[in-house]
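Biologist: Please take a close look at one place where two helices from separate chains meet. Then tell me how the chains touch elsewhere.

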Amino acid sequence: METIVSVKPLLAVLVTLFVIPVLVSSSGKPNARESWIFIAGTIKLVLILSMLPVILEGKQIVLTLFEIAPGASIAFRVDGLGMLFAIVAASLYIVTSIYSIGYMRGLNEHGQTRFVSFFALAISATIGAAFSANLLTLYLFYEILSLATYPLVTHHQDATSKISGRRYLIFILGTSIGLVLPAMIYCYHVTGTLEFTTAGIFADQLSKPGATVLLLMFVFGFAKAGIMPFHTWLPAAMVAPTPVSALLHAVAVVKVGVFSIVRVLTGIFGVQLLGDFNLGVVVMTIASVTILLASCIALSQDELKRRLAYSTISQLSYIIFGVALLSPQGLLGGVIHIAMHAFGKITLFFCAGAIFVATGKKYISQMSGLGRRMPFTFAAFFIGALGVIGLPPTGGFYSKWNLILGTLEAQQTLFMLVLLVSSFLNAFYFLPIVYKGFFGKSPDEDDTTPVKIKEANLCCVIPLMITAVISIGLFFYPTIFVNLIKVGLAIK
Amino acid sequence: MDNYPALIVVTPLLAALLAGLAAWIEDRLSYPIALMGLALSTFFAFKVLMQVIGSGTIHYRMAGWAPPMGIEYTIDLLNALVLLLVSGIAFLNLIASYPSVNQETNDRAASFYTIYLLFVTGLLGVTATGDLFNLYVLIEITSLTSYAMVALGDRDRGPIASLNYVFIGVIGASFYLLGVGYLYLKTGSLNMADVAHILSGIQGSSTVLVGFILCMLGIWIKMALFPMHVWLPNAYTYSPVAFSRVVAPLMTKVMVYVMIRLMVTVFGLDYIFNTLHLADAAVWLATIAILAGGVMALAQKNLKKMLTYIIVCEIGYMVGGAWMGNQLGMTGAILHIVNDALMTFALFLAVGNMVYKLKTIDLPDLKGLFGKMPWTMAGFVLAALSIIGVPPTCGFFSKWYLLLGALEAGAYHFAAALIISSLICAILFFKVFEICFFESLAGGHETAHGVVEIEEAPVSMLIVSGLVSLSIIVVGLYSGTIVNSIILPFLK
Amino acid sequence: MKFLGFIVVCLTGALLLYGTGDFSNWGDPNSPASLHLSNEYIERALEETQVPNLVTAVLADYRGFDTMFETAVIFCAGLACFLLLRDFREKKQRFYRHIPTGVILHVKNSKKVLPVGREFEHIDKDWVPSDLIIKTVCRILVPFIQIYAMYVVAHGDFSPGGGFQGGVIFGSSLILIAISYDLKILVRRIKEKVFGIFAAVGVLIYVGIAALCMPMGGNFLDYSKLAPLLPGDPHHVRALGMLGVEIGVGIAVTAVMVIIYINIVSEGRLEEGL
Amino acid sequence: MTDSLPYIVAKYNYWLYVILMMIGLYAMIAKNNLIKKLVGMNIFQTAIILFYVSIGYKTDATIPIIQNAHGGHDAHAAVIHAADYINPLPHVLMLTAIVVSVATFGVAMALAVRIYQRYQTLEEDELRMRISEE
């Protein structure tokens, strides 16, 4: 494979890192601060997009920074998969930063400079993880991301967020140190390399039980992916301000977890080895359990953000499920779900936040009739919900379609049922919200002193419209992402 | 000038005497003299390191006598590295210490600097010397100065802690002296290289075995390996903060260096691992030390004391690595000498800043510290992450080598202890962070939106703290270079 | 604790005894320790250094570097004792003795100061009148002790002795003054500050001589390079260098002995002690 | 027993030093009074000195001061037999060790004085009680 050495991936990672001192120094001037964020985000996206043509030609961009030990370096390699993830994260970062202006100012939150600084750090780490050339670099950025998110999750600095933050750390840091680190060191010990390669790094050093244990350590260790039983941090982390939940806990953080698992499955073990040991089924079973259970729990949640969180948990497992199918269609469907779910779910979170900013309401039971007051928000919510359920005309349909095809291709009919049942569950827990929102009894009708509820401010509404539109657009034009995946995973 | 090796050690000694004398004339003179002495020493150490990397081991004959008869300084890659580390840290700490020394021991500042310099002289001499008995004399200088320093700290507990330290320290040093006596009895020589040469012919002797055990026991007591650690926590906690900042990172590390020097240069790895069968026991001891240190740290209520138990824990890392019996473990141990010195130094610098402002640092005193001392806390967090072992801080990379070494040697218990101690450290430090981060708002909500008053430590302390914290990352990223250009050539 | 201590001690003893199993017999002239370095020193030291006392030759020349740090240890001990104990606080109560009558006055009000001189004498609580016989005997003894001490320092090259021994003897003569008379008399004769300076200067003489060899083109401590600076036979230059450092050691040891003594016996207040 | 007797006799100095050292070590670990511990420490260090000096001894040899050396340049003319003089090196080492032990003892005494000033006791258990009371 042809590779090009370029400093661009490094710049793309660093640009939001270097803007942090600027942000801190302009902490007294919110407008200047936010324009800096916007500028940095745009430069980042432009840098990433400038690499796109090269990647689509099937080349890779590489950059080795530090050689730690033979076969273990801190290095970047941009391939199709990483590119896909980076584009999604970087573009949504811009949208989210606009949204968070509206959200944070709308609620008059404290410590906004700290918030945006750690946000920038988190997005740097996300892009770094996307461009990692090997497991060591990936682990590095994974850990940075974990730590950068902690002050965001606990932003309110109250008792609830303290408990949530504690749970977040125990699960994320605990698993990454306790499971991933030993597994990674073991891989390096056995093979002497951690480089991602399509064939996998193992020749025949692993026995089947050994491989299974190692695989499970990775799958559960990357707890950001929310595989049960290591999922409980995600609902807890919903105490964070909504932009955090939206970008980090629907896109960046959780997807880094999933992305890491995908990398390990395809780059460390290799499809071949997984197929030989029949490990795909193991992972698929775990993922299926998570999909179904999380969907059921989501049904019972009344707080909107928590319901979204459980929905995220189940959707994340779709991706892992798809990859674990090990068939080209499954891989395609799984990986493209990273993008499709991202746009759908972020729309939903934006809507939840917008409702909270406008009305202060967090619980679904309070939201009936709101749709008539906030038509744009609820329309976007509807589109987002369609995307997550996987119905046309949204991008979510495309990924689900491919996933189902993948199960057929891999002749796993039983698992196809999982997908279908889960889709029904998704519909059950999303559509009633929309229905009640538009057609339910409005709260101000039985209130003696009606409060006029309007849409949230423009900075909140515009981003959710944008993501909703993109979500629909992806139904019609998924080609770039599809091509990236095909290039990245060398399918067909 | 070829006298650099001697000058590294002699300059601080001269400066100590001059600083002491200058105090009789004018108290304020002693600080610049001390600073100058250490700056020169650091410069010489740097020169020597470059020289050694460039042209190999330096042999410096004291008084011009050839080695077995006279005392020789043998400076190879390992001690050149440690020399630079010791002098550099001592120098930086002296810069940062000026305000704390004035605060804590104002009327005795000149004597403080004199003893401080003598202590550093001792450490440097221990590192540079190639003579077994000279090593003992210099160990005694470091010990004697530390006894005095510890007693100078806390008025009530200092003398008791110090006297306990005296008793255990004397036992340790005497064991070492006895060990040297046993070796002398069999070899008739005191020069390390000469002794090593003669020992290779009489490996079966029980006297040599006992000599070896005695030397190791003595050094272990001095470095506070677990069951022999009892003196350390009290001694370091109750000493003046300006001194604990230099003794905590350096004393134990230099003793680890001595252990490695004895193992590699005097007895030879072949003798230790192939003739004796003590390696397993030592690794188990290290494993227990790691776990015990971590658990005891959990029980502490005072930040400084908690950190001292972490030192006990870290000692286990290095002893275990050195006794692993393979190159990776030894590499990890040597790398960890550098890394642990840096991160402990950074931690204690932050603690010094806190003590300077808060006077007492029991955990509840730290409330709201992130708001009050953001820069100090930034340094503290970075150092803490390094102790936990989060990449790209240097602590991760030495842990990486240690884990690899443990896997190669099949010492799974040690690997497990490393992982568990990482988790324990994570709990420990996040417990501290939580107090510093959350409880700022205990007073009420006014502070939430108001500006928290920043009460930072003096700039000189902050600059040093920042510099060292940055070096934690830089050294981490360049650990590959350190390993390839210094440690591996040394081990070959 | 006692039982644990007993076990630890027994284990250590057993370990040490196990090690002796392989020792050569005591006094065996052919044991390794008596052959290798020992013979070289005995056979070459006189020729190389012109110092017949081999212990001094090895101490101050071959292993002079050790001895330098040893002196630093001494200095450090003195400094540590001073730092730990010296108490500069104002006394809360004072005692005066009216010399003509021997009446002792106890002044509790610290502001009131009596004229100390012919009439009154400053004393402290533990004051005991000194004994005439002891005082006189000691007064005669002290100069002899001091001369002997200097002899021991200066003659260390040829006979048993040297800086440490001489310094200790000299120090003990001063301590004898403090015991037989009064601590205050010693401190009044020789100021505390002087002892401090002497302690540092003693070590500085050693380090200075050693360091001086470097600009003269030799290694650290290489006395032979000092030949241009010293009078007399160049063969003796090493012996002279040794004498120089021994004097330094003597001064430092003397001063430190006194510092340790006066601080410990009076708990740092430099009044009457013991 | 009769077999091992010559074995013990031949090395009795070393046995004595071990016993002395055990006494000192025991006092340091087990005694309650700090001054007794200090005395134990001194015994312990003295034992080591005995050990080293024993190493240096040679039967039928004298102290390591070359005799008839006052002749200055003629000194090298006289042949020096190594077997005539005992080993000077252990003596040098022990001179250092003595100095170190004196220095340590001085500092330890100073510490004990400080502790007594503060707590009015030198018994360890009482000290522990005083500390926990505060």
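Modeller: Helices α1(B) and α8(C) are roughly antiparallel to each other, a label for angles over 145 degrees, while under 35 is roughly parallel, 65 to 115 roughly perpendicular and the rest oblique. The reason is their angle: the axes come within 10 Å and cross at roughly 150°. Axes here are lines fitted to C-alpha atoms, for helices over the stretch in contact, and angles run from 0 to 180 degrees between N-to-C directions. This is a predicted model, where local features need pLDDT of at least 70, side-chain atom pairs count only at pLDDT 80 or more, and totals for chains, interfaces and linings use all residues. Residues are numbered from 1 along each chain as its sequence is written, with chains lettered from A and ligands numbered from 1 in the order in which they are written.

Now find the two helices. α1 covers residues 4-25 of chain B, and α8 covers residues 192-212 of chain C. Helices are DSSP runs (H or I, at least four residues), numbered from the N terminus. The crossing of α1(B) and α8(C) is left-handed, so the near helix is turned anticlockwise from the far one by less than a right angle.

Which residues make the contact? From α1(B), they include B:Val10, B:Leu13, B:Gly20 and B:Trp24. From α8(C), they include C:Lys193, C:Gly196, C:Val203 and C:Ala211. Contact means that C-beta atoms, placed from the backbone, lie within 7 Å. By class, the helix contact has 12 nonpolar, 2 polar and 1 charged residues. Nonpolar means Ala, Val, Leu, Ile, Met, Phe, Trp, Tyr, Cys and Pro; charged means Asp, Glu, Lys and Arg; the others, Gly among them, are polar.

Next, the other chain pairs. Of the 4 pairs of chains that touch, C and D have the most contacts. There, 46 residues of chain D are in contact with 50 residues of chain C. On chain D, α2 (12-30), α3 (34-56) and α4 (88-119) each supply at least two residues of that side. α4(D) gives the most, with 17 residues. The side of chain D divides into 34 nonpolar, 9 polar and 3 charged residues.

Chain B also meets chain A: 27 residues of chain B are in contact with 25 residues of chain A. α18(B) gives the most to that side of chain B, with 9 residues. Its classes are 20 nonpolar, 5 polar and 2 charged residues.

Where is there no contact? None joins chain A and chain C, whose closest C-alpha atoms lie 38 Å apart. None joins chain A and chain D either, with closest C-alpha atoms 34 Å apart.

Notes
Two residues are in contact if their C-beta atoms, placed from the backbone, lie within 7 Å.
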